[in-house]
Amino acid sequence: MTVRPILRWPDPRLTQRCAPATGAEGLAALIEDLFDTMYAAPGRGLAAPQIGVMLRVFVMDIGWRTGDATPKAFVDPKILWASTDRTQGQEACLSIPGISATVTRPGRIGVAALDARGSPVTHALTGAEARCAQHELDHLDGLVTFDRVDPAQRTRLTAAYTDAVG
């Protein structure tokens with residue numbers, strides 16, 4: 001379909017909570033555009049608000065870069081459960097290029113959503129998939145990586161990003 005421009009922080013749309021997507025017109029085309037844009041970026045996940053569409057939709061494919069493509073679309077996703085174990089990992093964001101941050105998140109989650117065809121699905125996600133899904137879910141709630149780090153790290157990362165983009 002179409003590779004769309006990715007919004008960059010501090011675009012105010014990245015801080016807004018998204019509306020439910022169920023029943024929205026053009027949902028299949030939006031999902032195709034999200035995948036096309038994500039692969040072209042190249043990224044592993046992309047949420048609709050990152051391309052200026054304020055609906056609760058995201059896509060991800062953790063393994064495509066290594067040849068193990070596992071594309072997944074999530075429409076109106078909800079976390080059903082999260083493990084009590086926490087893992088730290090580096091997270092980068094297509095809306096904040098050139099910046100990565102250490103973020104602590106649950107190591108395993110369960111997610112319910114609709115897939116690209118509108119069928120209900122549940123996913124038990126671990127490792128990089130769990131981290132990516134939580135990162136993209138944050139976008140649907142108007143949160144970015146900077147919102148998941150301590151104030152000192154946020155100050156350092158914001159300054160580095162501002163310096164990088166001029």
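**Cysteines, cores and a pocket in a predicted model**

Biologist: How many disulfides does a search of the whole structure find?

Modeller: A search of the whole structure turns up 0 disulfides, and I should say at once that this is a predicted model. Cys93 takes part in none, and the cysteine sulfur nearest to that of Cys93 belongs to Cys132, 10 Å away.

Biologist: Why is the sulfur of Cys132 not bonded to that of Cys93?

Modeller: Because the sulfur of Cys132 lies 10 Å from its closest cysteine sulfur, the one in Cys93, the two are too far apart for a bond. The cut-off for a disulfide is a pair of cysteine sulfur atoms within 2.5 Å.

Biologist: And is Cys93 buried or exposed? Same thing for Cys132, buried or exposed?

Modeller: Cys93 counts as buried, at 7% relative accessibility, and Cys132 also counts as buried, at 10% relative accessibility.

Biologist: OK, switching to packing. Which residues touch the most other members in the largest nonpolar core?

Modeller: That core has 16 residues, and the ones that touch the most other members are Leu27, Leu30, Ile31, Leu34, Val57 and Val59. At least two residues of this core come from each of α1, β2 (57-60) and β3 (72-82), with α1 giving the largest share, 6 residues.

Biologist: What is Val59 in contact with, leaving aside its neighbours within four places in sequence?

Modeller: With those neighbours left aside, the contacts of Val59 include Ile31, Leu34, Phe35 and Met38, and also Arg44, Gly45, Leu46, Lys72, Ala73 and Glu136. There is also a second, separate core of 15 residues, and Ile62, Ile109, Leu125 and Cys132 are among its members.

Biologist: Now pockets. How much space lies in the largest one?

Modeller: About 340 Å³ of space lies in the largest pocket. Its lining is made of 18 residues, of which Arg44, Gly45, Glu91, Ala92 and Cys132 are the closest to the centre. The elements that contribute two or more residues to that lining are β4 (86-92) and α2 (127-140), and the largest share, 6 residues, comes from α2.

Biologist: Glu91 caught my eye there. Which side chain makes a polar contact with the side chain of Glu91?

Modeller: The side chain of Arg105 does, with a polar contact of 2.6 Å to the side chain of Glu91. Arg105 sits in strand β5 (residues 100-106).

Biologist: Is Arg105 buried or exposed? And what else is it in contact with, setting aside sequence neighbours within four places?

Modeller: Arg105 is buried, its relative accessible area being 5%. Apart from neighbours within four places in sequence, Arg105 is in contact with Asp85, Arg86, Thr87 and Glu91, as well as Arg131, Gln134, His135, Asp138 and Arg148.

Biologist: Back to helix α1 for a second. Where does Asp33 lie, and is it buried or exposed?

Modeller: Asp33 lies in helix α1, which covers residues 27-40, and Asp33 is buried, with 5% relative accessible area. The side chain of Asp33 makes a polar contact of 2.9 Å with the side chain of Arg4.

Biologist: Backbone check, then. Which peptide bonds into Pro10 and Pro42 should I look at, cis or trans?

Modeller: The bond from Trp9 to Pro10 is cis, with omega near 15°, and Pro10 is placed in the segment before α1. The bond from Ala41 to Pro42 is also cis, with omega near -15°, and Pro42 is placed in the loop between α1 and β1 (45-47).

Biologist: What about the phi of Asp76, positive or negative?

Modeller: Asp76 has a positive phi of about 50°, although it is not a glycine. Asp76 belongs to strand β3 and is buried, with a relative accessible area of 16%.

Biologist: Last one: where is Ala69, and is it buried or exposed?

Modeller: Ala69 is in the loop between β2 and β3, and at 52% relative accessibility Ala69 counts as exposed. Leaving aside neighbours within four places in sequence, Ala69 is in contact with Asp61, Gly63 and Trp64.

Biologist: How far is the C-alpha atom of Ala69 from that of Ala41?

Modeller: The two C-alpha atoms are separated by 16 Å, with Ala69 and Ala41 lying 28 residues apart along the chain.

Definitions and conventions: Residues are numbered from 1 along each chain as its sequence is written. This is a predicted model: local features need pLDDT of at least 70, side-chain atom pairs count only at pLDDT 80 or more; totals for chains, interfaces and linings use all residues. Side-chain values use heavy atoms; hydrogens and water are left out. Helices (H or I, at least four residues) and strands (E, at least two) are DSSP runs, numbered from the N terminus. Buried means under 20% relative accessible area, exposed over 50%, partly exposed in between (1.4 Å probe, protein chains only). A polar contact is a pair of N or O atoms within 3.5 Å; within protein, one must be able to donate a hydrogen and the other to accept it, and residues adjacent in sequence count only if both atoms are side-chain atoms. Contact means heavy atoms within 4.5 Å. A nonpolar core is a set of buried Ala, Val, Leu, Ile, Met, Phe, Trp, Tyr and Cys residues joined through side-chain atoms within 4.5 Å. On a 1 Å grid over the protein atoms alone, a cavity is a set of points where a 1.4 Å probe fits but cannot get out, and a pocket is an open set with protein on both sides within 12 Å along at least five of seven lines; lining residues have an atom within 4 Å of a point. Grid points are joined across faces, edges and corners, and a volume is the space filled by probe spheres set on the points.
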